[in-house]
Amino acid sequence: MATTAARNPTLMANAIRALAMDAVQQANSGHPGAPMGMADIAVALWSRHLRHNPANPQWANRDRFVLSNGHGSMLIYALLHLSGYELPIEELKAFRQLHSKTPGHPEVGITPGVETTTGPLGQGITNAVGLALAEKMLAKEFNIDEHQIVDHHTYVFLGDGCLMEGISHEAASLAGAWKLNKLIAIYDDNGISIDGQVAPWFADNTAQRFEAYGWNVIGPVDGHDVDAVDAAIAEAKKSSVKPTLVIAKTHIGKGSPNRANTAKAHGEPLGNEEIKLTREQLGWAHEPFVIPQEVYADWDAKAAGAALETAWDERFDAYATAHPELAAEFARRMAGVLPANFAQTAVDAVVAAHGKAETVASRKASQIALEAFTAAVPELLGGSADLTGSNLTNTKSTPAFRVEADGSSNGGRHINYGVREFGMAAIMNGVALHGGYIPYGGTFLTFSDYSRNAIRMAALMKQRVIHVFTHDSIGLGEDGPTHQSIEHVASLRLIPGLDVWRPADTTETVVAWTMAIGNAQRPSVLALSRQNLPYAPKTAVDDIAKGAYVLSEPSDAGLKKKARGVIIATGSEVQLALAAQATLAQQGIPVRVVSMPSTTVFDRQDLAYKKAVLPEGLPRVAVEMGVSDGWWKYGVAAVVGIDSYGESAPAPVLFKHFGFTAENVVDTVKVALGVAKLKGGKKR
């Protein structure tokens, strides 16, 4: 491999520029300006500092690199290709095409070497904070004396757009508070966005802003001077307490005679004529997608990467000899494998909940379940957005995470995120992406709106992240419509790849937690009540994990007849369904009650099971304190729901006002069965 001194950084950077403009031009779509402007910064970081192994993108102790300004995706694709990852030139030629490994924005799991899916601006830097937090916490947990097996940096490139997004404020503030000294962000300060020069609408003093957060700020430096950027990164790595922001002044579209420093370089192809002129200005005489072998040699990181990983393997072997149990635990957690006793822990928790049959709020049922799971699953990392006492996400096994003035931490497992719901959600994504922890965090369900795009990203990335959303309905009472969730559960159910649970009692809550922890390929939401919920008597619990199950037949209500209809209910409304069933039984009307704690899980069951739970030919009525739209897909005849905002009043008053009473459910079922008319004499 060429030595640093022997390399030609100008040619290395121009290779990135050429690949970026060629790929965007061939796709007739994309953003060439950022890769061309940041090429020299990339040379400094990737060839002189980044510790990675192209042959093993999952090496545990690699440095993490995040391209937060993900629209500049050709930058990372060029870097991965040139440095030796499994990303051949054919994939770059297929940029932004169907089923290529080079989609429009970087996607984890699609392209080897991509650590996180970026594109929604601000979330990449926030993911990076999560990655750095995981590194800091794992180091505290596993490093002993001279055995430093967790010791790597998180680097992130970001631009003006990331800094304008509010989430970057949330993330940067927490990074400073947590003293994430191994987080190094490089800001591409080119002054251009889609609408042109940013100065009229982005006048922040970025350096002072980050200094106020408790960051180390270096620069501005010349982003086109590889040695200057190299020196800035080297200085940043010396920080023992603070994260670092390197401000690098660059020219967007560097090398383009007519497009550099303009918005036109940002998000559209340069055009064949401008590319020709750019090649001439750069002195790049090669055909599109042709890279000279000497440039490939300068970029090749395979030998250096193999040596880095081999050296770490030797350190880990020594660690395993000295601390075999810790080494095995670290390997298990980084592999995402649950403890061997997890299944038994779950069974024991279900048995205990079913046996005690407690009447508690499902948020309290969640905490009871967490007491068991956090004791048995040390990788569970909890938290709350300033609502710990309401979300009940803390347990005896999860003391609060705290950082001292010298940067040392106490090893706590409960994160106080402050009032930063969006930041919390995206940081949890970063923690999950790093490996070693299963993050969960809480807030009120109505504030899931703040978190939503990060929840969507977790689903897109197939990450095991768990959201605990309490105060799930008008049942929270006097706080009124600003805090009462109406459309939120239905809205979250629309996100592909997200499991949404709304359990009715302690046993269903334990099952929901079991499924959420056990599902390595999906994020999960638990929507939980503020108010106490009576235990729903049940003869079996195995089918809860299927998302819906037959909770009560007419015979359970004292009527030995075949069901004439089905009441489907979720969460706190299951008690209404059971009460209505009992009243209907007294009137000689037999109905089945189906508890459906997770529509998303139930929808994945086979047709035979679905028909067994919801038999064809039986009228169905759904009962849920939320918008009614999502229930019609189940062929219901009616929905007892709420399609307006709530009111401020005690919960029992609200239930009666909005029709969430057993009497109204009874009346609705009778109309659906054709044994009664709508009030007012109208026929259905």
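Which strands does helix α21 (residues 574-586) lie across? The legends below take this up with the sheet.

**Basis of the views.** This is a predicted model, in which local features need pLDDT of at least 70, side-chain atom pairs count only at pLDDT 80 or more, and totals for chains, interfaces and linings use all residues. Residues are numbered from 1 along each chain as its sequence is written, and side-chain values use heavy atoms, with hydrogens and water left out.

**View 1. Helix α21 on an open sheet of five strands.** Helix α21 lies across β16, β17 (565-569), β18 (591-595) and β19, running at about 170° to β18. Axes are lines fitted to C-alpha atoms, for helices over the stretch in contact, and angles run from 0 to 180 degrees between N-to-C directions. Helices (H or I, at least four residues) and strands (E, at least two) are DSSP runs, numbered from the N terminus. The strand order is β16-β18-β17-β19-β20, with mixed pairing. Two strands pair if DSSP finds at least two bridges between them. β16 (549-552) and β20 (638-640) are the edge strands, each pairing on one side only. From one strand to the next, the twist averages 30°.

**View 2. The pairing of β19 with β20.** β19 (residues 620-623) and β20 run in the parallel sense and share three bridges. V623 has V640 of β20 as its bridge partner.

**View 3. F660 and the largest nonpolar core.** A nonpolar core is a set of buried Ala, Val, Leu, Ile, Met, Phe, Trp, Tyr and Cys residues joined through side-chain atoms within 4.5 Å. Buried means under 20% relative accessible area, exposed over 50%, partly exposed in between (1.4 Å probe, protein chains only). The largest core has 77 residues. F373, I474, W513, I517, I567, L614 and F660 have the most contacts inside it. Helix α20 gives the largest share of this core, six residues. Leaving aside residues up to four places away in sequence, F660 touches I474, E573, L576, E624, M625, V640, G641, I642 and F655. Contact means heavy atoms within 4.5 Å.

**View 4. The two faces of helix α14 (residues 342-356).** The 15 residues of α14 should span 21 Å at 1.5 Å a residue, and the end C-alpha atoms are 21 Å apart, which agrees. The expected span is 1.5 Å times one less than the number of residues. F342, T345, A346, A349, V350 and A353 are buried. Down the helix axis these buried residues fall within an arc of 130°, so they line one face. The arc is that of the directions from the helix axis to the C-beta atoms. They pack against α15 (362-376) and α20 (506-518). The face turned away carries exposed A343, V351 and G355. Just after α14, A357 takes a positive phi of about 50°.

**View 5. Helix α7 (residues 166-177) and its cover.** The buried residues of α7 are I167, S168, E170, A171, A172, L174, A175 and G176. Their cover includes α5 (123-142), β3 (183-189) and α17 (421-434). K179, just after α7, takes a positive phi of about 55°.

**View 6. Backbone details at P220, D145 and K462.** G219 and P220 are joined by a cis peptide bond, with omega about 15°. P220 sits in strand β6 (residues 216-222). D145 is not a glycine, yet has a positive phi of about 50°. D145 lies in the loop between α5 and β2 (154-158), and counts as exposed at 63% relative accessibility. K462, also not a glycine, has a positive phi of about 60°.
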